[in-house]
Every structure is written in C-alpha cells, then in structure tokens.
Amino acid sequence: MVKGRLLPWSGPRPGGPDRGSGEGSDVATAPGATPGPGAGGTPGPAPGSGEDARTRAARLERALGDPADPANPFGYARLLAADRAAERFTGGEELLDGLGVFSEFVPVELGGRLDAFENLVAVLRPVFRRDVGLGLGYGAMSWMAASDVWMTGTERQRTWLADLMLAGGKAAIAQHETAHSNDYVRSQVTARPEGGTLVLNGAKPMINNLERARALVLFCRTDAAPGSRSHSALLLDPAALPADRAVMLSRHLAVGLRGCRFAGLEFTDCPVPAEALLGPLGSGVATALRSFQASRTVISALAVGAVDTVLRTAVGFEESARAHAVDGSRGDPDRPGATTGALVNLLLYDALAVVALRALHLLPEQTSVFSAALKYLLPKVLTETMYDLSTVLGSGIYSREGTLGIFQKHVRDVPVLSLGHAGSAACQATIIPQLSRLARSSWFREQPPPAALFRPWGPLPPLSAERLVLASGRDSLIACLPAIGPEITGDDPCVRALAALAHALTAELRELGDRVRALDDGGRATLPTAAGFALADRYALLLAGAAVLGVWYHARDGGDPFLADAAWAAAALHRVARRLGARVPALPPACEARVRRELWVRFGAQNSYDLYNAPVHG
C-alpha cells in the first residue's frame, strides 16, 4: 500500500493536541475526557425553533430555489460544475449550515432535532433531489457514523459527539473492506489491548469525509478468532491521533459521487485509549447489525428524492418534445409509457420505504427484515427505473449541462447508494436465516400491523433503540396480503383488478412458505445458499406489495385522494406479480390512464412524485 500524507489537522484545537507541533501525549485523547474539539462550519438557527419537520422541509426546499435557474447559486449549473471538478458543492453546504441542518442528525434529548427517522428523510429529500453527493457528504454520512454512538455510546461519548455536530462538525465512519467485497466482519484493522490502551494496525481504504472529520467511528477486529464477538467499534478524535502512526492514503475518485472525498487511513502501532470503545469489547458486530436497520432504511428512502428528479426531468423532456413535434402533434398525455411506469415504481418503492421508516418506531422488533428488503430492492427498482427513463431522453442522456445534465449525474450517483457493507448480498444474508422461522411461525398467523404504520406524517412514539433486535421471527406487514385482499370489493375496474392481484400475491406468499418449509429440512439453521437467495428475492417483492396494499387501504380513511385510488395500487401490485412470474391478466386501461394523469398533475403543480406529494421546485 502506497503511503499518502499525514492527517491534515494541523492547527491547535480545544480538546486535542496540536498535530503540527508534535506536542501532547502519544495516546489519543478519549472523546469526552476533555472538552470536545471545536468544529468548522457556520452556526445555524437554534434547534428549538418550534418548527415541525414538514415546515423545515418546505423551508429548505424554498431556500434551495429553482434548480433549473442558471442564476440560482444552489442550482444545477453550480452543482454540476462542482461535480465536473470533483469538488464539494460548497455553496450548497454553506446554505445548509446557515439553516442549521446539521441539527437534524442529533437526537432531541442531546439538543438536536432528530425525533423520528421519517422526519429526517423528509428534511433531507430536498437535498437529495438536487445532489446525492451533497446530501451524503454534508450530513448523511455523519449521521450514519453517529447512529452507532447514539445507540451504544456512553453519556460522555454521546454528549461529546452531539456538541461537535451541533457546531457543524462532521463525523466519518470506517467500515468498508474493499479487499473483501466490503465484508465488514473481515476487518484489516486490528486493535490489540496493551496496558490501558488499544494499539491499532492495518488500513481502511475508503472513508468518506475523512479529510475534514472531527470524529471517526472505526470498526476493527479485536479478537483473531472468528465469530460474532470478534469485532468492536471505537469512537476516535482524528485530531488527537499521533500524526506519525495514522497516515492518510490517497484520495479515491469514483464515477459516482465525485464531490465526495474518499480517502484511506493506515495505522501503524497507533495507540488509542480503551475508553474509545463503543459498548463492550467484542460488541461491534451486534452494534453494526442494529444500526444497519436504521441506516439501510434512511439511506434507501433518501434515494427516492434523486429518482423523483430523474422522473421529473424525463417528463419535462416529454413535454418539450410534444411541444416541438415536427408534425404539430402534441401527442396523447394519457398514453402510458416509461414515465408512467416510473411513477408506479417510485410509489411502490416509497410505500415500503415509508412503512420501514415508521416501523423503526412502531415495530422495531420486526425491522431487520423490512430494512434489508428495502435496501435490496433499491437497485432492482430505482436503478432499473432510471435506466428505463433514459430511453425517454435518447441521446440527451449524454448531456452534462443544465436540466438534462442532472439526469446523468443521478444515474451515476444513485447506484453507489446500493453498494457497501449493506449491499444487496448483505441484505439477502440478513433475510435468508430468518425465512424458516417466519414461514413456520409468522406468515398467515400474525395479525396486520396498526394503521399508523401506513400513514405518512402521522405521530410516532420515540425510538427505543434497545428494542431493535437482530431477528425476531415476526412479520406483521406481510399479513396485509391475506387480511386486506378479501375486503376489497367494488365494481370499479381498478378495484376489481386490485382484488385479483391481492389474491394472486397471497397465493404467491403461500407458495413461498411451502418452498421454504420444504427446504427447511426439519429446522436447519439456514437454507441452502442458492435457493435462499432466490426465496429472499421473492419475499422482498411480496413485502413491497404488502406495503402498497396497506398504504392504499388506510389512505381511504381521510388520506391523499390519489393514494386512496385503487389505480396506482393495482398498477404497483401488477408490477410485483410480473416480477414474481405470476400469470396475471393485463391491467384495465383505466388504471394506467389515472396514474398517467396524476403524473402530469403533479408535474404541472410542481409536487413531488413520492407518497408525500409535497411542493417542489423545478
């Protein structure tokens, strides 16, 4: 491995030694042992403004302005220029600092605004609509690092990190293992106990925001023996690491997320205090698996914002093409096409996203499978949707300027969200060991979940992190298929289609249970690998279908009129059924026509294409 440069924090800072002077202890100061280090960034408004998340999201959307306006300093022209230069979109970051968006990542009990994961996603989606790299680099990665601390840190660690982040400081997380296909339990960094310290050796090759991080959550091996107790997590102050024993490696420049700065970090006999441990020694795997339930869900849900923009760009291109048609024809706005199918896919995916976000509060014991299924479907639904929409633009897909330029940027950026330690294979590996128990004791036995699970913006109880478990053997969401299906009655062709599709998916669930039990062989620990991957794929799709059914069913009680219309739900379930290979009849034309009309209504009204139907610019 080629050495890079020493870590760049060189000025004196409160709470840590001056890295440039070489003065101070050879052992890094434990977070909280002294006053927390200062952090860069412009302070924003105090968190206690009394605004709810919906108001804060709308305020941020207005502040970001019309992204298509060339004169907008926060618009596409500026952010695409930063992307071409492979630099951070500093203007956007300064705006977010001024609005105090960093407080969204800190729990309310520690002085921030984070009270519900659905609220966090709602506030950040306006950012992700414009620039995935800005959303990740500015705050989502800091929140991912901090989530381990919020869940398992001591009061001193939690307070230190909260103070740092509320001052605009950034945190980084070092989990990726590129040498082992990002298998985070094969860490190349080891921590050896020595006296009252842990001595670090090895390297983490890909860490986002490392150059400016004021806190670092490091995942490392603390026991050479394999098993669930082999790894631990540490909370470190990078400025306090001995400069000659912690060396930054060269920056990695990727095709996607060009504005994010990924760099590596190599340790050589680097001592850190034992108090840096997050939780007990050997608890790192359990901590990661619990925090993944939140991070997988939040990051996957944020991707909807970017695909919303991709769809809006394609619809705008369609409108322009009709307006300038050579034969003078404006076409038929009710004719189904790629954009109609994209809206169905987006609503299908967002139904599961909203349900998974709310389940973190309402059904935390069950969310391990919900979060894994959502993240697994990201490339299968959202990335494929973007590729389908590229056919609408034709050669315009190659444009790197203006409104069309943002299409290509999102097509490059969004797939990166599905990679990493929580990629598709890792998500399936979370689901597969639970299938046997679910098939034996949960499916067709559980009662449906509470209506609150399906109502966007509805009140939520505080998160109870201790209720997040690695596997519970329960899934009440899937119970929506057999429970709601028989209640769907009416003469409307879309309602009849929805009833038939719910029945077909219920039959698919029953067949899935039979196949799992047949392979279970009397209660073996895990299913055969090849078969398990195929069955996990079918289960994830059925969960998405159940979420759609639940959102539609409960929207009829005073929810969004479009979400209460059976047309979109039937179209979404039809797509699930076709992916499963089920033999289902074609949808009634009225279903796609009504979805198509909603596509154009939202485009004209400048409302989002997700479940929230919120005002947007551009």
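Select asparagine 613 and serine 608 together: the backbone nitrogen of asparagine 613 lies 3.3 Å from a polar atom of the serine 608 side chain. The model is predicted, local features need pLDDT of at least 70, side-chain atom pairs count only at pLDDT 80 or more, and totals for chains, interfaces and linings use all residues. Residues are numbered from 1 along each chain as its sequence is written, and side-chain values use heavy atoms, with hydrogens and water left out.

Keep serine 608 selected and add aspartate 610. The two side chains make a polar contact at 2.6 Å; such a contact is a pair of N or O atoms within 3.5 Å, where within protein one must be able to donate a hydrogen and the other to accept it, and residues adjacent in sequence count only if both atoms are side-chain atoms.

Serine 608 belongs to the segment after α16 (589-605). Serine 608 is buried, its relative accessible area being 0%; buried means under 20%, exposed over 50% and partly exposed in between, with a 1.4 Å probe and protein chains only. Beyond its neighbours within four places in sequence, serine 608 is in contact with residues including Arg129, Asp308 and Arg312, contact meaning heavy atoms within 4.5 Å.

Next, select proline 193, in strand β3 (residues 190-194). Proline 193 is exposed, with a relative accessible area of 53%. Add proline 271, which is 78 residues away along the chain: the two C-alpha atoms are separated by 9.3 Å.

Finally, show the whole protein chain. Of its 618 residues, 60% count as buried.

Methods: Helices (H or I, at least four residues) and strands (E, at least two) are DSSP runs, numbered from the N terminus.
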